[in-house]
Structures are given as C-alpha cells and as structure tokens.
Amino acid sequence: STKGAVLLFVASEAEYYARSFGASDFVSGISGGMAGGVAQAYATMGFCTCMKTVEITKHKIAAAGVKPPSTFATFMDIYRREGIRGINRGVNAVAIRQTTNWGSRFGLSRLAEQGIRRATGKDEGQKLGNLEKIVASGLGGGLSAWNQPIEVIRVEMQSKTEDPLRPKNLTVGKTLRYIYGSNGLKGLYRGVTPRIGLGVWQTICMVALGDMAKEAVEKLTGDKVTAKH
C-alpha cells in the first residue's frame with residue numbers, strides 16, 4: 001500500500017506538470033511513471049524486495065533439507081554485518097527497474113489510449129469508457145516486460161545463495177556480466193511470462209483504476225483533481 005501510494009501521488013504530480021509544459025500524453029505518461037518509479041524505489045522498495053528475496057531463498061534452503069533461520073534473524077544478521085546498506089543492497093537496480101517499469105507502463109498505456117480514441121472515432125482528450133481504459137492499461141503493462149533483465153539482475157544482487165563463481169561486491173554491471181556469462185540472453189529473460197501477467201495486472205490497478213478513483217473523488221467532492229492523468 002505504501003509503495004502504491006508513493007507511486008500514484010508522485011506520478012500524478014509529475015504527469016500533470018509535464019502536461020502543463022506542453023508535453024503530449026505519451027511523453028507526460030513516461031515522465032510521470034519514471035518520476036513515480038524512482039520515488040517508490042528509494043522510499044519503500046529496497047527493504048521490501050530484499051526481504052522478499054530472503055523469503056524465497058529460505059524456501060529453497062528448506063527444500064534442500066536444511067533448517068533455515070527465521071526472516072527476522074536473517075534481517076538482524078544482515079544489519080549487524082552490513083548495516084542499512086546491506087538491507088538496501090540492490091536498491092539502484094530496483095530504481096532502474098521501477099523507473100523503466102512505470103515509465104513504460106504509464107507511457108504505453110497513454111499511447112494505447114490514443115490509439116483506441118482514433119480507432120473508435122473519439123476526439124483528442126475525450127474520455128474513454130472504463131473497459132477501454134482497462135484494455136489500454138493491459139496493453140501498456142504487458143509490453144513493459146521488455147525490462148525483465150533488470151529484474152533478474154535485482155534478484156541476483158539480493159540473493160543470499162552462496163555461489164563461488166559469483167563476483168564479490170556486486171554492482172549492476174558486474175551482475176549483468178555474471179548472468180550473461182553463465183546463462184546467456186535466456187538467463188536475462190528468465191521468468192518473463194509471469195512478469196507479463198503481473199505487469200498487466202499492476203498497470204490496470206495503478207493506471208486504469210487510478211483514473212477511475214480520481215473521477216470518483218471528483219464526483220464525491222465536487223472538486224476537480226488538478227493532477228489528473
């Protein structure tokens with residue numbers, strides 16, 4: 001909920017100001033999504049994604065017949081050894097992922113909305129129906145899985161699995177070379193199919209349903225939402 005709130009608020013403001021400077025819907029959508037993604041990553045997601053990766057690693061260890069430490073014990077161990085930097089390891093990769101994620105999702109959704117308007121004979125800026133918004137957001141979310149390599153890099157940087165071949169003190173560049181050297185291009189796009197489904201779902205929630213929520217607030221309060229997508 002916190003990362004969604006940060007994203008929606010910052011993206012709304014950035015998109016509104018981009019439009020006020022004369023940017024098109026497509027450019028405004030990209031600008032808003034990128035700003036919201038960066039804010040979301042550094043404000044909330046470094047810690048969240050680190051602990052999610054710890055949970056996944058725990059299940060793998062348990063499946064191998066070894067009793068894993070608890071999530072809290074793992075958290076405290078990382079904090080004692082590496083401090084807050086260890087907890088937020090991989091946050092730069094998260095920021096790259098989120099800014100490309102939401103820049104693409106918002107931008108491509110707005111582009112799809114323009115296409116739907118042209119296909120249905122609607123004027124520029126004319127409101128779309130709810131189903132049309134959902135379709136546009138679904139297209140934008142699905143096409144935005146092009147940046148899957150960044151997600152694979154993020155997971156590898158935060159992984160607690162021991163591998164003697166993996167370089168120490170991983171950076172985004174070192175991790176990219178390690179994955180590509182081990183598994184090639186296929187390794188960088190590992191897990192892309194479920195990611196497409198996730199992108200569709202998240203974009204519908206944050207773009208299409210976000211627009212609908214703002215319209216509902218306008219009707220309830222009688223005030224116009226100025227920073228409106």
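## Nonpolar cores

Eight residues, Ala93, Val152, Ile153, Met157, Leu170, Tyr178, Ile179 and Leu188, make up the largest nonpolar core of the structure, which is a predicted model. Helix H6 contributes at least two residues to this core, and helix H7, spanning residues 172–188, likewise supplies at least two. A second core, separate from this one, has six residues, among them Leu7, Trp102, Phe106 and Val207. In soluble globular proteins, nonpolar side chains tend to be buried together.

Leucine 170, one of the residues of the largest core, is in contact with Glu156, Met157 and Thr175 when its neighbours within four places in sequence are left aside. Of these partners, Met157 is itself listed in the largest core.

## Aromatic pairs and a charge over a ring

Two aromatic pairs are found in the structure. In the pair made by tyrosine 16 and tyrosine 17, the ring centres lie 5.2 Å apart and the planes meet at 70°, so the arrangement is edge-to-face. Tyrosine 16 is partly exposed, at 31% relative accessibility, and tyrosine 17 is also partly exposed, with a relative accessible area of 45%.

The other pair joins tryptophan 102 to phenylalanine 106, with 5.8 Å from centre to centre and 55° between the planes, and is classed as tilted. These two residues both belong to helix H4, where they are four residues apart, or about one turn of the helix, and both are buried. Trp102 and Phe106 are also included in the second nonpolar core, and the face of tryptophan 102 has arginine 105 lying over it, at 4.6 Å from the ring centre.

## Salt bridges within helices

Ten salt bridges are found when the whole structure is searched. Side chains of opposite charge can pair when their charged atoms come close. One of the bridges links glutamate 15 to arginine 19, with the closest N and O atoms 3.5 Å apart; because these residues are four apart in helix H1, which covers residues 2–20, about one helical turn separates them. Glutamate 15 is buried, at 0% relative accessibility, whereas arginine 19 is partly exposed, with a relative accessible area of 27%.

In helix H4, which runs over residues 91–120, arginine 110 and glutamate 113 are three residues apart and therefore separated by about one helical turn. They form a salt bridge whose closest N and O atoms are 2.9 Å apart. Arginine 110 counts as buried at 1% relative accessibility, and glutamate 113 is buried with a relative accessible area of 7%. Helix H6, made of residues 148–158, holds arginine 154 and glutamate 151, which are three residues apart and so are separated by about one helical turn. Their closest N and O atoms are 2.7 Å apart in the salt bridge that they form, and both residues are buried.

## A linked network of charges

Which residues are linked in a network of salt bridges? The network consists of Glu15, Arg19, Asp25, Arg110, Glu113 and Asp211, and it therefore takes in the glutamate 15 and arginine 19 of helix H1 as well as the arginine 110 and glutamate 113 of helix H4. Helix H4 also carries the tilted pair of tryptophan 102 and phenylalanine 106, while helix H6, with its bridge between arginine 154 and glutamate 151, supplies at least two residues of the largest nonpolar core.

Definitions and conventions
Residues are numbered from 1 along each chain as its sequence is written. This is a predicted model: local features need pLDDT of at least 70, side-chain atom pairs count only at pLDDT 80 or more; totals for chains, interfaces and linings use all residues. Side-chain values use heavy atoms; hydrogens and water are left out. A salt bridge is a side-chain nitrogen of Lys or Arg within 4 Å of a carboxyl oxygen of Asp or Glu. Buried means under 20% relative accessible area, exposed over 50%, partly exposed in between (1.4 Å probe, protein chains only). Rings of Phe, Tyr and Trp (its six-membered ring) pair if their centres lie within 6.5 Å; planes under 30 degrees apart count as stacked, over 60 as edge-to-face and the rest as tilted. A charge sits over a ring if NZ of Lys or CZ of Arg is within 6 Å of the ring centre and within 35 degrees of the ring normal. A nonpolar core is a set of buried Ala, Val, Leu, Ile, Met, Phe, Trp, Tyr and Cys residues joined through side-chain atoms within 4.5 Å. Contact means heavy atoms within 4.5 Å.
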